[in-house]
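Thanks, everyone. I'll put the model up and go through the core, then the sheets.

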Amino acid sequence: MFKLLVIVLTISSVAAGSLGRDDFHYTIQTLTGSDGSDGKFFASVESADGSKTEFMKLVNNNLDTFDIGVMDIFDVESSVDLKDVKCIVIKTTSDDRWLMDKVTVAYKVQAITFVNSDRVGLSTDSAEGKTELKLCSDEKFTTPITASSPSTSAC
């Protein structure tokens, strides 16, 4: 019985790979403002033609993300290959408020930065902020922000 299960799983994996599903790499850099958080956050990237990625969890190997004044870098994968980047939507499933100052999306060899100029916090507690924040830009891609070491430098 166990051998049969292994064979079925192997065939399913090969079949899924042969369907042409590729994952596309996006780098999302966030700069936390005056409110850090231990919450869970997700991002979806949208293009000018309306296509968008699925929500991708923002996690990295650093155990202490979303600290005040710190830039975090998240490498995420999506099944969607966008032509360009127009907007980013960040959402939370946590009531621990997070205030993000800016976020940069790097895709392929280009990047664009979005600024949270209205200083909208993210929280499931409506008294603290919104569960989703959508930031859009009319700008073309710009140079990505850089840091000397991930999750330790401010922009």
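This is a predicted model. I'll start with the largest nonpolar core, which has 25 residues. Those with the most contacts inside it are I28, I88, I90, V103 and F114. Two or more residues each come from β1, β2, β4, β5, β6, β7 and β8. The most come from β6, which gives four residues. As a general point, nonpolar side chains in soluble globular proteins tend to be buried together.

Take F114 from that list. Setting aside neighbours within four places in sequence, F114 is in contact with V85, K86, C87, I88, D101, K102, V103, V105, L135, C136 and S137.

Now the sheets. One is an open sheet of four strands, ordered β4-β1-β6-β7, and the pairing is antiparallel. Its edges are β4, residues 71–78, and β7, residues 110–115; each has a single partner strand, so one side of each is left without a neighbour in the sheet. From one strand to the next, the twist averages 20°. Inside this sheet, β1, residues 24–32, and β6, residues 100–107, run antiparallel and are joined by seven bridges. As for individual positions, Q29 stands opposite T104 in β6.

The other open sheet I want to show also has four strands, in the order β3-β2-β5-β8, again with antiparallel pairing. Here β3, residues 56–57, and β8 stand at the edges; each has a single partner strand, and so one side of each lacks a neighbour in the sheet. Between β2 and β3, which run antiparallel, there are two bridges. The bridge partner of F42 in β3 is K57.

That's what I have. Questions?

Note on methods
Residues numbered from 1 in each chain as written. Predicted model: local features only at pLDDT ≥ 70, side-chain atom pairs only at ≥ 80, totals over all residues. Heavy atoms only, no water. Pairing = 2+ DSSP bridges. Axes fitted to C-alpha atoms, helices over the stretch in contact; angles between N-to-C directions. Core = buried A, V, L, I, M, F, W, Y, C linked by side-chain atoms within 4.5 Å. Buried < 20%, exposed > 50% of the residue type's maximum accessible area, 1.4 Å probe, protein only. Contact = heavy atoms within 4.5 Å.
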